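Please take a moment to look over the sequence and the model below before reading on. The report that follows goes through some helix contacts and then turns to the ligand.

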Amino acid sequence: RPRVLSGIQPTADSFHFGNYLGALRQWVGLQHDHQPFFFIADLHAITVEQDPKVLRERTLRAAAQLLAMGIDPERSAIFVQSQVPAHAQLGWVLQCLTGFGEARRMTQFKDKSAKGGEGAASVGLFTYPVLQAADILLYRPHFVPVGEDQRQHLELTRDLAQRFNHRYKKTFRLPEPYILKATAKIADLQEPTAKMSKSASSAAGIIDLLDQPSVSAKKIRSAVTDSDNDVRFDRDEKPGVSNLLTIYSALTGEGVHDLVEQYAGRGYGDLKKDLAEIVVGVVTPFRDRTLELLDDQAYLSEVLRRGADQANEVAEATLRDVYQRVGFVAPT
Ligand code: AQP
């Protein structure tokens, strides 16, 4: 079975609909005929300052959410990145293969460092995509299910894999991004030309999976649209309505064009009202299940321990090959 790998940062109390539709739902679907490794990226989280107690809580919340969503620990290895030391170890080797200018071109670093000024950004934030390359390459996956914002990082990952293979010996598989076009970039409800992102300036544009369902419904009903009240799919002219149609279609499986026909002449109010109900139907059982799982910390820890064992076995084997190929003396 082809291998898949992906990760998510534990940097918020809840995942949001961008994470869910852009990536996590694909994780759930792929576990049936693939061999999946899914991890909670706590090493990545500390590239910006974190409160240690909050980080620990969010890591467990992330695990509970993945399970509540349908990630099955019998099919998938779910693990915490810091429990698999090979990520940081391979990260270092790959840093030594990465050009400074090459790292500098990463647009996510440019965007994130622009907020506080480059001088305020950590070196870890700068080398984040190289650690991400290590996260991926260790498992030699065929596919990496992610949102559109990760495409550039995956290109870097492939470049580094190729460089290593060429300089030493074929060691890494070149992974393919697995990006579903329709949901690759879910937009902010209040600023529909921007991606839905937890670091947005207002919470009103983000639907968190663990929000009170009534809050999510209200956010949908208050989503920014436009003034002509004509339900059409046009990302450039009508980004707000198009985003709502995208979410609607992804949650129900109905095609966008069918939805446009269904709502023709009915205006935005009906569309928002119906979508709000659909969202409530999705998040209510998810939220209940997550809260239930969070009450069973022993079970969560056991799942993560098993996941780390599975991940360590694969990752250590790759790292041994890498160390041998770069010329490190093996311990006797
Ligand atoms: N808006 C989005 N649309 C589609 N996919 C998205 N992803 C994130 N936002 C969207 C995908 O979610 C996965 C997890 O990403 P992450 O751990 O990097 O989460 P994140 O980047 O911390 O999420 P944010 O909200 O986008 O954070 P900030 O504001 O820090 O940048 C990835 O596969 C990502 O593509």
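Which residues in α4 meet which residues in α7? In this predicted model, the residues on the α4 side are H87, A88, L90, G91, L94 and Q95, and their partners in α7 are T127, V130, L131, A133, A134, D135 and L137. Sorted by class, the residues of this contact comprise 8 nonpolar, 4 polar and 1 charged.

The geometry of this pair can be described as well. Helix α4 covers residues 86-95 and helix α7 covers residues 123-137, and their axes come within 8 Å of each other while crossing at roughly 120 degrees. Because of this angle, α4 counts as oblique to α7. The crossing in which α4 passes α7 is right-handed.

Helix α7 also packs against helix α8, which spans residues 151-167; here the angle is about 65 degrees and the axes are 9 Å apart. That angle is why α7 is described as roughly perpendicular to α8. When α7 passes α8, the crossing is again right-handed. On the α7 side, P129, V130, Q132, A133, I136 and L137 take part, and they meet H153, L154, L156, T157, L160 and A161 in α8. This contact of α7 with α8 contains 9 nonpolar and 3 polar residues, with no charged residues among them.

We now turn from the helices to the ligand. There are 21 residues around the ligand, and of these D149, K195, S197, K198 and S199 come nearest. The table lists some polar contacts, each of which reaches an oxygen atom of the ligand.

| Residue | Atom of the residue | Distance to a ligand oxygen atom |
|---|---|---|
| K112 | polar side-chain atom | 3.0 Å |
| G147 | backbone N or O atom | 2.9 Å |
| K195 | polar side-chain atom | 2.6 Å |

K195 therefore appears twice in this account, since K195 is one of the residues that come nearest to the ligand and a polar atom of the K195 side chain lies 2.6 Å from a ligand oxygen atom.

Definitions and conventions:
Residues are numbered from 1 along each chain as its sequence is written. This is a predicted model: local features need pLDDT of at least 70, side-chain atom pairs count only at pLDDT 80 or more; totals for chains, interfaces and linings use all residues. Side-chain values use heavy atoms; hydrogens and water are left out. Axes are lines fitted to C-alpha atoms, for helices over the stretch in contact, and angles run from 0 to 180 degrees between N-to-C directions. Helices (H or I, at least four residues) and strands (E, at least two) are DSSP runs, numbered from the N terminus. Angles under 35 degrees count as roughly parallel, over 145 as roughly antiparallel, 65 to 115 as roughly perpendicular and the rest as oblique. A crossing is left-handed if the near helix is turned anticlockwise from the far one by less than a right angle, and right-handed if clockwise. Contact means heavy atoms within 4.5 Å. Ala, Val, Leu, Ile, Met, Phe, Trp, Tyr, Cys and Pro count as nonpolar, Asp, Glu, Lys and Arg as charged, and the others, Gly among them, as polar. A residue is near a molecule or strand if one of its heavy atoms lies within 4 Å of it. A polar contact is a pair of N or O atoms within 3.5 Å; within protein, one must be able to donate a hydrogen and the other to accept it, and residues adjacent in sequence count only if both atoms are side-chain atoms.
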